[in-house]
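Here are my notes on the structure, as numbered points. They go from the overall fold to single residues.

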Amino acid sequence: MQYHTRPFFWPNMRLIIFGFLSHFLFIFVFIFVFISAPKHPLQAQDQHPALWIEHGWEQKLSHGFRLSFTPELRLQPADAERNGSLWMGGHYWWVERMQSDSALQKKWKGEERLSGLTFSLLGAGRTIFRNPQQGLGPRLRWYTDARVQWEKKKWELGYRLRYQQQFNDFSSGGARSAVSYFRQKLSLQYNLSKRWQVGISEDIWFPVGGAAQFSNMFPDHRGSSISFGYSRKSVSWDFSITQDRAVWDANRDPQLWILQIGRSLKLDDFKKPSQIP
């Protein structure tokens, strides 16, 4: 008898499509209600928040490694109609960029005196396609993370150190090094139940080398976030509101509000589309 098998990391396309569409209506209603509200705290001075939407797929590999792929769409509010803009929630939005991250992660669990601690290393590459109206072409970025997380009952405290290298646009004469960052992020999460979580985090950016205008002793901007998470079996949702603001860099926007919606699916835990919660 002959058997036909799929490659190890080859997602079931029906699983992906059915899984995403099963929650698409919920995403649309949530976004529409949020951005079309007459007035809310994030619309100070009639400024609507940016909207970032992502969907990730994860696959378990051998020896504790995990491989992930996460595309993301970023929308910015627009004052008037322009090429590449969308009409939604009573005003225009334009596609600022589309990007995708491919990452490989390895985790370790602490033992004995280090019980409750989880360590991880991650390496990733990002491909960015910006809106041509900005005069910018495709751009590459790579980054690596070192993380440690401590768990105690319903509390989780995490620290992440990221080194991030960004390259100039291809249209500017090749993928040359532009600017690098060290990013330090501290997060605190409380598990309300097995499915619901709430958390806060602070992400501080320190420019180093390249075209950086400041010493790495001073950050040029920081992001403060509050997040809500929901997970069921191997499907997880994340909703976060972030205030990104300049610290020392006068060339950056003084303040940017970001609404981010993400969904993640672990493919190795499903065999059939009907098993998706």
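1. Among contacts between residues at least 6 apart in sequence, 49% join residues at least 24 apart. The model is a predicted one, and its secondary structure comes to 2 helices and 12 strands. Read from the N terminus, the two helices are followed by the strands, in the order α-α-β-β-β-β-β-β-β-β-β-β-β-β.

2. Burial and surface. The protein has 277 residues, and 40% of them count as buried. About 16,800 Å² is exposed, with carbon and sulfur atoms supplying 60% of that area.

3. Confidence. The average pLDDT is 77, and 64% of the residues score at least 70. For residues 1-11 the pLDDT stays under 50, and the model has 9 contacts beyond four places in sequence for this stretch. Residues 37-46 are also below 50; their contacts in the model, beyond near neighbours in sequence, number 13. Please keep these two stretches in mind when reading the rest.

4. The nonpolar patch. Which residues make the nonpolar surface patch of about 970 Å²? They are Trp150, Trp155, Leu157, Tyr159, Leu161, Phe182, Leu186, Leu188, Ile200, Ile226 and Phe228. Two or more residues each come from β7, β8 and β10, the last of these spanning residues 221-232. Strand β7 gives the largest share, 4 residues.

5. Two members of the patch. Leu161 is in strand β7, which covers residues 155-167, and Trp150 is in strand β6, residues 139-152. With a relative accessible area of 32%, Leu161 is classed as partly exposed because the value falls between the 20% and 50% limits. Trp150, at 39%, is partly exposed for that reason too. Setting aside residues up to four places away in sequence, Leu161 touches Thr144, Asp145, Ala146, Phe182, Arg183 and Gln184. Leu161 and Leu121 are 40 residues apart in sequence, and their C-alpha atoms are 10.0 Å apart in space.

6. Salt bridges. How many salt bridges does a search of the whole structure find? The search gives 12. One of them joins Arg66 and Asp268, whose closest N and O atoms are 3.0 Å apart. This pair links distant parts of the chain: Arg66 sits in strand β2 and Asp268 in the segment after β12 (255-266), 202 residues apart. Arg66 has 18% relative accessibility and therefore counts as buried, the limit being under 20%. Salt bridges with shared partners also join Glu58, Arg66 and Asp268 into one network.

7. A buried pair between strands. Asp203 and Arg183 meet through their side chains in a salt bridge of 2.5 Å, N to O. Asp203 belongs to strand β9 (residues 196-208) and Arg183 to strand β8, and the two are 20 residues apart. Both residues are buried. Arg183 is also among the residues that Leu161 touches.

8. A pair of sequence neighbours. Arg97 forms a salt bridge with Glu96, with 3.0 Å between the closest N and O atoms. Are these residues buried or exposed? Arg97 counts as buried because its relative accessibility is 7%, and Glu96 counts as buried because its value is 8%.

9. Asn191. This residue lies in strand β8, residues 177-191. Its relative accessibility is 16%, so Asn191 counts as buried. The side chains of Asn191 and Gln189 are joined by a polar contact of 3.0 Å. Leaving out residues up to four places away in sequence, Asn191 touches Lys154, Glu156, Trp196 and Gln197.

10. Backbone points to check. His63 is not a glycine, yet has a positive phi of about 60 degrees. His63 is in the loop between β1 (50-60) and β2 (65-78), and counts as exposed because its relative accessibility is 66%. Lys233, another residue other than glycine, has a positive phi near 60 degrees. Lys233 is placed in the loop between β10 and β11 (235-246), and at 70% relative accessibility Lys233 counts as exposed.

Technical notes: Residues are numbered from 1 along each chain as its sequence is written. This is a predicted model: local features need pLDDT of at least 70, side-chain atom pairs count only at pLDDT 80 or more; totals for chains, interfaces and linings use all residues. Side-chain values use heavy atoms; hydrogens and water are left out. Buried means under 20% relative accessible area, exposed over 50%, partly exposed in between (1.4 Å probe, protein chains only). A polar contact is a pair of N or O atoms within 3.5 Å; within protein, one must be able to donate a hydrogen and the other to accept it, and residues adjacent in sequence count only if both atoms are side-chain atoms. Contact means heavy atoms within 4.5 Å. Accessible areas come from the Shrake-Rupley method with a 1.4 Å probe; for residues, only the protein chains shown count as cover. Patches are made of residues with over 30% relative accessible area and no salt bridge: like charges are joined within 9 Å, nonpolar side chains (Val, Leu, Ile, Met, Phe, Trp, Tyr) within 5 Å. A salt bridge is a side-chain nitrogen of Lys or Arg within 4 Å of a carboxyl oxygen of Asp or Glu. pLDDT is the predictor's confidence in each residue, from 0 to 100.
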